[in-house]
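Work through the exercises below with the model open beside you. Each task is followed by a stepwise solution.

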Amino acid sequence: MPQVKALIGLGNPGDKYAETRHNAGAWLVEALAKDLQTPLRAERKFLGYYAKISLAGHELHLLNPQTYMNRSGGAVAALCQFFKIAPDELLVAHDELDIAPGTARYKSGGGHGGHNGLRDIISALGNDKSFHRLRIGIGHPGEAGQVVNYVLGRPGKAERSAIDAALDEIAATLPDAVSGDWARAMNRLHSFKG
């Protein structure tokens, strides 16, 4: 499999949304940039916050789109066009209702599963669904009618702690994922319960 050249963290812009569950993907990119002491900077041509890092000997582009979640595709497409990145060289980190907080899963390809950020990225990439996903568990409120308020709400202390533990474990598996050793990255991450 091709190596990953860009990690995209999905979320909504602004202080109002910064600590909401829907921003779990953006939290990962922010934490990684902070750990590597490489600040994310506003980059208008990519419609978001951008940084370039070196991870496991590979150059990796980091991007947190600053469009709203359902318009994430424009930022991703702009980055791909500028750096000539193919969809299957992307890793998109996003919140996942169907996984409990404290767990995360890698996935290659597939549909959008009702996630508006993924839906817009697939559309912006010409319906190419081959990009990799990093599904960060936030849990489900139990009823479909409560999903919008839930994803746009803040997690409780214990829940945020579990999500943060999963983000730390993701960071530990990223060198393998970026290098294309998906089996090793998945084996470690998928067995983790924070």
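For the residue classes used here, Ala, Val, Leu, Ile, Met, Phe, Trp, Tyr, Cys and Pro count as nonpolar, Asp, Glu, Lys and Arg count as charged, and the others, Gly among them, count as polar. The model is predicted.

**Exercise 1.** Describe the second largest pocket by volume, lining and residue class.

Solution.
- Start with the volume: the second largest pocket has about 220 Å³.
- Next, the lining. It has 17 residues, and Asn23, Glu30, Tyr49, Asn64 and Gln66 lie nearest the centre of the second largest pocket.
- Assign elements. Helix 1 and strand 4 (58–65) each supply at least two lining residues. The largest share, three residues, is from helix 1.
- Sort by class. The lining of this second largest pocket splits into eight nonpolar, seven polar and two charged residues.

**Exercise 2.** Do the same for the largest pocket.

Solution.
- The volume of the largest pocket is about 470 Å³.
- The lining holds 25 residues; His22, Leu97, Gly114, His115 and Asn116 are the closest to the pocket centre.
- Elements that give two or more residues to this lining are strand 5 (90–96), helix 3 (116–124), strand 7 (132–137) and helix 4 (147–151).
- By class, the lining of the largest pocket has eight nonpolar, eleven polar and six charged residues.

**Exercise 3.** Work out how helix 1 and helix 5 are arranged, and which residues make their contact.

Solution.
- Take the axes of helix 1 (residues 24–35) and helix 5 (residues 157–179). They come within 10 Å and cross at roughly 55 degrees.
- Classify the angle. Under 35 degrees would be roughly parallel, and 65 to 115 roughly perpendicular. Helix 1 and helix 5 are therefore oblique to each other.
- Add the handedness: helix 1 passes helix 5 in a right-handed crossing.
- List the contact. Helix 1 brings Ala24, Trp27, Leu28 and Leu32, while helix 5 brings Arg160, Ile163, Leu167, Ile170 and Leu174.
- Count classes: this contact of helix 1 with helix 5 has eight nonpolar, no polar and one charged residues.

**Exercise 4.** Which residues line the largest cavity, and which helix gives the most to the lining?

Solution.
- Count first. There is one cavity of 30 Å³ or more. The largest cavity has a volume of about 40 Å³.
- Read off the lining: Leu28, Ala31, Leu32, Asp35, Leu167, Asp168 and Ala171.
- Map it to elements. Helix 1 and helix 5 each supply at least two of these lining residues. Helix 1 gives the most, with four residues.
- Finish with class: the lining of the largest cavity has five nonpolar, no polar and two charged residues.

Key: Residues are numbered from 1 along each chain as its sequence is written. This is a predicted model: local features need pLDDT of at least 70, side-chain atom pairs count only at pLDDT 80 or more; totals for chains, interfaces and linings use all residues. Side-chain values use heavy atoms; hydrogens and water are left out. Axes are lines fitted to C-alpha atoms, for helices over the stretch in contact, and angles run from 0 to 180 degrees between N-to-C directions. Angles under 35 degrees count as roughly parallel, over 145 as roughly antiparallel, 65 to 115 as roughly perpendicular and the rest as oblique. A crossing is left-handed if the near helix is turned anticlockwise from the far one by less than a right angle, and right-handed if clockwise. Contact means heavy atoms within 4.5 Å. On a 1 Å grid over the protein atoms alone, a cavity is a set of points where a 1.4 Å probe fits but cannot get out, and a pocket is an open set with protein on both sides within 12 Å along at least five of seven lines; lining residues have an atom within 4 Å of a point. Grid points are joined across faces, edges and corners, and a volume is the space filled by probe spheres set on the points.
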